[in-house]
Structures are given as C-alpha cells and as structure tokens.
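Here is a short briefing to read alongside the coordinates. Grab a viewer, and let's walk through some packing and confidence details together.

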Amino acid sequence: MLFVQQIVNGLMLGGIYVLIAVAFTLAIGILNFLNFSIPGIFMLGAVVIWHFLASGWPWLPSILVGLAAGVVASLIVERFTYRLMKDSEPEIPLVSSVAFLVLFENLVIVKWGSDQQRFPQFMADFNIRIGEIIIGIGQLVSLATAVILVIAVTLLLKKTKVGRGIRAIGENQETARILGVQVHRIVPILFIVTGLLTAFAGLLFAINYQQVSWSMGDEVGLKGIAAMVIGGMGNVGGAVIGGLLIGLTEVLSIYFFGANMVDISVYGLLLVLLIFWPHGILGSTAAPREKL
Amino acid sequence: MSGYTEALFTLLAINCVVALSGYMSLAAGQLNLGIAGFMAIGAYVSAFLTNNYDLPIFLGIIAGGAAACVIALLLAVPVLRTHGIYLALATFALGQVIQGILLNMEVVGAAAGYGVSKHASFGFIAGTALIVIAVIFYLSKTRFSMYLTAVKSDAIVSDLFGVNVRVTMVQAFSLGGLLAGIGGALYGHYYNYLEPQNFNILLSIYIALYVLLGGVQTFYGPLVGAAVFTLLPELLRDSDQWRFVVFAIAVILVMAVRPQGLITSDLLRRFGGRA
C-alpha cells in the first residue's frame with residue numbers, strides 16, 4: 001500500500017515538474033533559448049503570493065498578484081535577454097537569464113530575508129482516503145489545474161491565430177516574418193504564457209509543501225529541465241510525460257534506495273537518454289529538435 | 001598582504017584556472033555545464049591521495065588533474081555524440097551524477113564532507129595558476145586554438161579543410177577536464193574541507209559566465225571574466241545585501257551592450273595587440 005501511495009505522491013510532484021517543463025520547452029522549442037530565469041520566476045510568484053497572504057489578503061487577489069508578478073518578470077527577462085540577443089550565439093542570452101535568476105533571488109533576500117517562510121494551508125486538513133491511500137485535496141486540485149493549463153496551452157498553440165504564429169516562428173523566424181507573422185508581438189505573448197505557467201507552478205509547490213524560500217526554484221527548475229529533455233525538447237506532450245516520469249523516478253528512488261540516490265537516478269536517466277536517445281520520448285528523430 | 005586580500009587573491013587564482021577550463025570547452029563551441037563535477041573529481045582524488053598516501057600537494061594536484069582528464073576523455077566519446085544545447089544538458093546531467101555519486105561515497109565522507117589535511121599556501125596556488133595561465137597562453141598562440149575556433153565556427157567546413165573535428169572536440173573537452181581537476185584540487189587544499197554540495201550546477205554555470213562575460217574569442221576574456229566575478233562582488237561589499245542585486249544588474253547590462261563579452265578580438269586589435 002505504501003508503494004501505491006508513493007506512486008500517487010510521485011504523480012503529484014510530477015504535476016509541478018510538468019508545468020516547469022512545458023515552460024522550458026516553449027522557450028527552447030520555439031526560440032532555441034534555454035531560459036534559466038524560469039526557476040527565479042517560479043520562486044518569485046510563490047513568494048509574492050505568500051507575502052500578500054501573510055499581510056492578510058484573501059486567496060484570490062493574492063494569487064492574481066503573484067501570477068501577475070510572474071508575467072511581469074518574464075516580460076522583463078524577454079526585454080533584456082531574448083530581444084537584445086536573438087541573433088547572437090545561443091549561449092549569450094543564457095548568461096543574462098542566469099543573471100536574472102541571481103537578481104530575482106537576491107531581490108527576494110533583500111526584501112524578505114533568506115529564511116524559509118511558512119505558506120498557509122490552502123484547505124484545512126482535507127484529504128480523500130481510499131483504503132490506506134491518502135490523497136490531499138490541495139494536491140488533487142493542483143494536479144487537475146496543471147492538466148487544464150497544459151491542455152489550454154496546447155489548444156492555444158494548435159487552434160488560435162497566435163498559436164499558428166508561434167509555431168511558425170518555431171519553424172523559422174525569418175520565414176515567419178516574411179510571411180507576415182508579427183514576431184515582435186508574438187514573442188512577448190510566449191513569454192507571458194511561460195511566466196504564467198511558471199508562477200502557477202510556484203503556487204502549486206507552495207501549497208503542496210507549505211513553504212516558500214528564495215532558493216525553492218533551483219532544484220525544481222533543474223528537474224524541470226530534465227523532464228523537458230526526457231520528453232523530447234520542444235514537445236508539450238513530451239514535457240507532460242517527462243514531468244510525471246521524473247516525479248515518479250524521484251519518489252520511487254527515495255522509496256527504494258534512499259534520499260541520497262535521487263540525483264543519481266534522475267540525472268543518470270537524463271544522461272543515458274541524451275546519449276542514446278537524444279530526441280526524447282516524443283521528439284521526432286528527423287529534426288535535431290522537435291517543433292511544436 | 002592582509003589575510004583578507006590574500007584570501008581574495010587566492011580565490012581569484014583558483015577562479016582563473018577554472019575559467020580557463022571553461023574556456024577550453026567554450027572555445028570549441030561546447031557549453032560544459034558539468035565542470036563542477038570535474039572539479040570535484042580533481043579535488044577528491046588529490047585530497048584522498050595526500051591524506052592517505054602522504055603524497056606531496058603538487059603530486060596530488062597533478063594526480064587530481066590527470067584523473068579528471070582521464071574521466072573527461074572516457075566520457076567525451078559518448079557525451080560528444082550530442083551537440084549544442086543537448087551537449088550542455090548532457091554535461092549538466094553528468095555533473096549532477098558525479099555530485100550524486102560523491103554524496104554516496106562513504107570512503108570520502110559522503111554527504112558529511114571530507115577533510116583535507118594538507119594546506120596549500122597562497123604562493124603555491126598563485127604559482128600553479130600562473131603556470132596554467134602560461135601554458136594556455138602558449139596554446140593560444142599555436143594552431144590548436146585556430147582549430148578550436150574553426151570547429152566552433154563551422155564544423156563541416158573545418159572538416160573539409162582537413163581539421164580533425166572529432167579529435168579537436170575530444171581534446172578540448174579533456175583539456176577542460178584537466179584544468180577543472182587542477183582548479184578543484186587547489187580549492188580543496190586551500191579550504192581544507194570538501195563537500196559534494198560545493199560542486200553543484202550553480203558553480204558550473206558561474207564558470208560558464210566567467211568565460212562568456214569576459215568573452216570567448218580570446219585567451220584574455222575568461223581571465224577578465226574571472227576577475228570581474230571575483231572582485232566586483234567584493235568591491236560592492238559596502239552595499240552589503242544589495243551587492244548581488246547590483247552585480248546581477250551589471251552582468252545583464254554588460255551582456256546587453258557587449259554580447260560577445262568584454263574582451264573581443266576587435267578590441268584587442270584596436271589597441272594594437274595581436275588577437
């Protein structure tokens with residue numbers, strides 16, 4: 001029974017990785033930009049929500065302000081990294097995005113200190129019990145919301161005009177421009193989506209673990225990158241599978257081998273996959289990187 | 001020199017060595033995010049040998065560098081099957097795995113950390129760093145650095161012109177491993193205490209930042225980058241907790257104005273240097 005419980009926990013954790021992995025995959029798949037500021041936005045969203053909750057605001061406005069903070073942060077990153085350097089080598093915007101990660105984390109330390117803060121419970125101890133398996137309602141709601149968000153992003157990409165533009169940019173930015181796609185308008189939309197997903201993932205993390213801190217994004221961000229690669233870079237469906245897989249691998253390797261083996265299992269899987277199967281689970285083998 | 005200045009310049013010397021390690025890879029177009037892992041190998045091998053077999057420090061450092069180099073060489077073949085962003089991610093995973101293995105190795109203290117009994121003085125570390133800098137300076141004047149630039153700029157064309165792309169890539173990767181091992185060993189013998197957590201991904205990213213901020217086109221770039229990254233946060237000490245905020249903003253602005261890094265070939269040419 002404990003084993004089934006671990007699977008449930010793994011899927012819940014995976015839900016958070018899914019959102020981060022989708023955010024990374026949008027940036028990589030379309031812009032070829034490994035956006036290292038994503039863990040910072042993840043953390044910023046959660047910390048801002050915590051701040052307003054702690055100062056007595058109700059849940060909904062706090063969450064909205066936190067998500068807005070994530071979106072604004074993401075747009076600032078776009079303005080100073082991608083837009084300035086889209087024609088340069090791919091490593092260069094990466095430098096600035098890491099600098100933004102450092103910036104966000106240290107701004108939070110300056111404002112709120114480096115202690116871990118307690119995040120209030122979303123709903124007072126309210127669990128579903130199926131036999132001996134416990135599923136937290138908060139966890140369930142967050143997993144469901146993650147799924148809905150991913151479906152919404154997929155629909156945005158597949159069905160709308162903006163989505164068509166985004167996919168065209170992913171194919172070839174220059175051609176998209178010639179064919180009349182307003183690249184300078186669409187790219188910020190992409191960053192808005194990324195910021196929203198990431199900040200929301202931060203909220204889910206805070207609800208599930210009932211804590212926030214300036215460094216909460218680091219580990220999760222790295223696992224999100226691993227999830228993205230395992231699923232196939234640039235593939236939203238792959239990011240979902242990869243996220244859940246990483247969540248399961250993590251929880252099960254704690255269960256079977258102990259906490260110190262987590263990194264070896266997760267990143268060993270990533271390394272082996274990259275070397276022998278670099279396109280990931282859902283990536284196409286025809287193109288070096290799968291387009292959406 | 002006061003203790004503070006000495007500590008600062010020791011750190012600078014170590015950072016110069018690891019910055020050159022990042023430069024070797026990046027000059028060949030490889031973004032190696034596993035450098036911290038190779039540093040860890042060098043640090044632990046040197047610490048283990050000097051602790052248990054009473055090896056002198058300089059032999060320990062050579063052994064540490066050699067161990068990191070050999071492991072890099074063995075791993076280069078599978079890892080260099082990947083390119084570009086995939087290579088960055090494969091090396092990132094590699095670094096995490098090395099760190100994870102060290103976290104589980106009881107013989108070197110696992111997560112509790114590992115004491116290093118022999119201490120290296122500032123003079124020793126600075127001397128080693130100067131030797132490394134001199135060697136890489138010499139290399140940067142040879143054909144090898146042209147091969148690196150050629151492979152980075154266009155692998156197919158360099159292949160057509162007779163550069164052995166694969167060998168050059170493996171050489172760059174292993175040389176990066178060697179220098180990282182040396183840098184890591186120096187680190188261990190200076191701080192006399194090692195923890196696997198010290199060699200995390202953030203360290204690898206920072207090393208890549210030294211190189212990219214300084215500029216990857218010339219041999220001087222990574223050294224300038226290492227100096228900026230080591231000294232600037234210290235110069236900003238007065239502003240205390242704001243210093244990393246200011247520092248991050250400075251990096252963002254520099255990259256916005258000079259996306260090729262602070263020191264470029266053009267800049268050197270303008271001042272009469274041979275780039």
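In this predicted model, helix 11 of chain A meets helix 4 of chain B through a run of residues that includes A:Tyr267, A:Leu271 and A:Leu274 on one side and B:Leu89, B:Ala93 and B:Val97 on the other. Also in this contact are A:Asp263 and A:Gly268 from helix 11, along with B:Gln96, B:Gln99 and B:Gly100 from helix 4. By class, the residues of the contact comprise 13 nonpolar, 4 polar and 1 charged.

**Helix geometry**
- Helix 11 of chain A spans residues 262-276, and its partner in chain B, helix 4, spans residues 84-103.
- The two helices pack at an angle of about 150°, and their axes are 8 Å apart.
- Their crossing is left-handed.

**The largest nonpolar core**
- This core has 201 residues, and the members touching the most others are A:Leu19, A:Ile20, A:Val22, A:Ala46 and B:Val17.
- Helix 1 of chain A (residues 2-31) gives the most to the core, contributing 16 residues.
- Leaving aside residues up to four places away in sequence, A:Ala46 touches A:Gly66, A:Gly202, A:Leu203, A:Phe205, A:Ala206, A:Val212 and A:Met216.

**Confidence in chain A**
- Chain A has a mean pLDDT of 83, with 91% of its residues at 70 or more.
- Within chain A, confidence peaks in helix 2 (residues 38-54) at 93 and is lowest in strand 2 (residues 127-130), where the mean is 74.
- For residues 285-292 of chain A the pLDDT is below 50, and this stretch has 24 contacts in the model beyond near neighbours in sequence.

Key:
Residues are numbered from 1 along each chain as its sequence is written. Chains are lettered from A and ligands numbered from 1 in the order in which they are written. This is a predicted model: local features need pLDDT of at least 70, side-chain atom pairs count only at pLDDT 80 or more; totals for chains, interfaces and linings use all residues. A nonpolar core is a set of buried Ala, Val, Leu, Ile, Met, Phe, Trp, Tyr and Cys residues joined through C-beta atoms within 7 Å. A residue is buried if 20 or more other C-beta atoms lie within 10 Å of its own, exposed if 12 or fewer, and partly exposed in between; C-beta atoms are placed from the backbone. Helices (H or I, at least four residues) and strands (E, at least two) are DSSP runs, numbered from the N terminus. Two residues are in contact if their C-beta atoms, placed from the backbone, lie within 7 Å. Axes are lines fitted to C-alpha atoms, for helices over the stretch in contact, and angles run from 0 to 180 degrees between N-to-C directions. A crossing is left-handed if the near helix is turned anticlockwise from the far one by less than a right angle, and right-handed if clockwise. Ala, Val, Leu, Ile, Met, Phe, Trp, Tyr, Cys and Pro count as nonpolar, Asp, Glu, Lys and Arg as charged, and the others, Gly among them, as polar. pLDDT is the predictor's confidence in each residue, from 0 to 100.
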